[in-house]
Amino acid sequence: MSKQILVLPGDGIGPEIMAEAVKVLQLANAKYSLGFELSFDELGGAAYDKYGVPLADETLARARAADAILLGAVGGPKWDAIEPALRPERGLLKIRSQLGLFANLRPAILYPQLADASSLKPEVVSGLDILIVRELTGGIYFGQPRESKLLENGERMAYDTLPYSESEIRRIARVGFDMARVRGKKLCSVDKANVLASSQLWRAVVEEVARDYPDVELSHMYVDNAAMQLVRAPKQFDVMVTDNLFGDILSDEASMLTGSIGMLPSASLDANNKGMYEPCHGSAPDIAGKGIANPLATILSVSMLLRYSFSQVVAADAIERAVSLVLDQGLRTGDIWSAGKTKVGTAAMGDAVVEALRSL
Ligand code: NAD
């Protein structure tokens, strides 16, 4: 039976970068006989324009029925003024939570060809290969109660709640250990256990899960120290596992170690490795429609899709190799360009990856 991939290009540069990723996916589909069938729908602002909501029920139903989802990016100034519940980003949060995509995997890999694109010294980042595992459907972004109110003295106040249950921590910790097991066998759990009750439970549960993974070396780090260590000596890390809020911040920090957010893919997985795959960056309205966006993060998201949802390791490796070959050829989109390299647009970069993949 064919496997269904739902493609959601989204807004801004989303359709441009997705066109290139789809070319690569279609070639991999044919070359490795993957049996994928692609269908297309809208999410975010494009869905609001078409359906009046950022995630239509029929789109959610198609996403549930699909074996994996490939997403571009959502959002943009066109939809900034609409009511908060209908904003593009709400569609993204809804699809993640409705599909139970609790494990967000964000690799930060520095391609050696791009060592000079990082703001850190090459010796600090060369060879960097970190995986951040972020809890995605719990914690302070979803916790209740949350409220903004007026106090009796007329002062405004607001609060959020940071809840984590044992089972939520246990399942994300397992993902962290499983990933570490097939990589460098080192897991750093990041929390704020010196202050937060939720972090104290986090640390205790991670310790319990560690008993099932004696082959993985576990360490704990407070989030403030982790933020510092990521820029001081990032290569000390293999896999980091952390909660929703800390992971949001640390994964953006880690992404910039590699020079450009235009290179970084991500995966969001449920308990059965069904996943949604997307670049780490947003819809880049400032460059949308210009044909200059870097499609490599989305193309590398295709590689993650093959690896994590379908265990198609050969095809996944080949796409990563094709990207590396194109960088060897000196081709660069504007965000990763440096003197002496050949500047190309979105479509030319996608075509080059397709050619490189074909040649492998
Ligand atoms: P952004 O990631 O869209 O852009 C930040 C900067 O990086 C911009 O200068 C942009 O031109 C550049 N950039 C991003 N992707 C690039 C690429 N592939 N190639 C070359 N340059 C690239 O972040 P932002 O400007 O803060 O947000 C813009 C919109 O995207 C907002 O509406 C925001 O809500 C949304 N957003 C969506 C997602 C998502 O869909 N997952 C994530 C982050 C932001």
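Contact here means that heavy atoms lie within 4.5 Å of each other; the exercises below use this meaning on a predicted model.

**Exercise 1.** Determine how strands S1 and S2 are joined, and what unit they form with helix H1.

*Solution.* Begin with the two strands: S1 covers residues 3-10 and S2 covers residues 36-40, and they run parallel, joined by five bridges. One of the residues to look for is Val7, whose bridge partner in S2 is Phe40. Then add helix H1, residues 14-31, which together with S1 and S2 makes a right-handed β-α-β unit.

**Exercise 2.** Trace the order of the strands in the open sheet, and explain why one side of S2 and one side of S9 have no neighbour.

*Solution.* Write down the order of the 10 strands, which is S2-S1-S3-S12-S11-S4-S5-S10-S8-S9, and note that the pairing is mixed. S2 and S9 (217-222) stand at the edges with a single partner strand each, so one side of each is left without a neighbour in the sheet. From one strand to the next, the twist averages 20°.

**Exercise 3.** Describe the pairing of S3 with S12, and find the strands that helices H10 and H7 touch.

*Solution.* Strands S3 (residues 68-73) and S12 (residues 275-279) pair in the parallel sense over three bridges, and Ala68 stands opposite Gly275 of S12. Helix H10, residues 296-310, packs on the sheet and touches S1, S2, S3, S4, S11 and S12, with its direction at about 160° to that of S12. Helix H7, residues 197-210, lies across S5, S8, S9 and S10, and runs at about 175° to S9.

Terms used: Residues are numbered from 1 along each chain as its sequence is written. This is a predicted model: local features need pLDDT of at least 70, side-chain atom pairs count only at pLDDT 80 or more; totals for chains, interfaces and linings use all residues. Side-chain values use heavy atoms; hydrogens and water are left out. Two strands pair if DSSP finds at least two bridges between them. Helices (H or I, at least four residues) and strands (E, at least two) are DSSP runs, numbered from the N terminus. A crossover is right-handed if, with the strands pointing away from the viewer, the path from the first strand over the helix to the second runs clockwise. Axes are lines fitted to C-alpha atoms, for helices over the stretch in contact, and angles run from 0 to 180 degrees between N-to-C directions.
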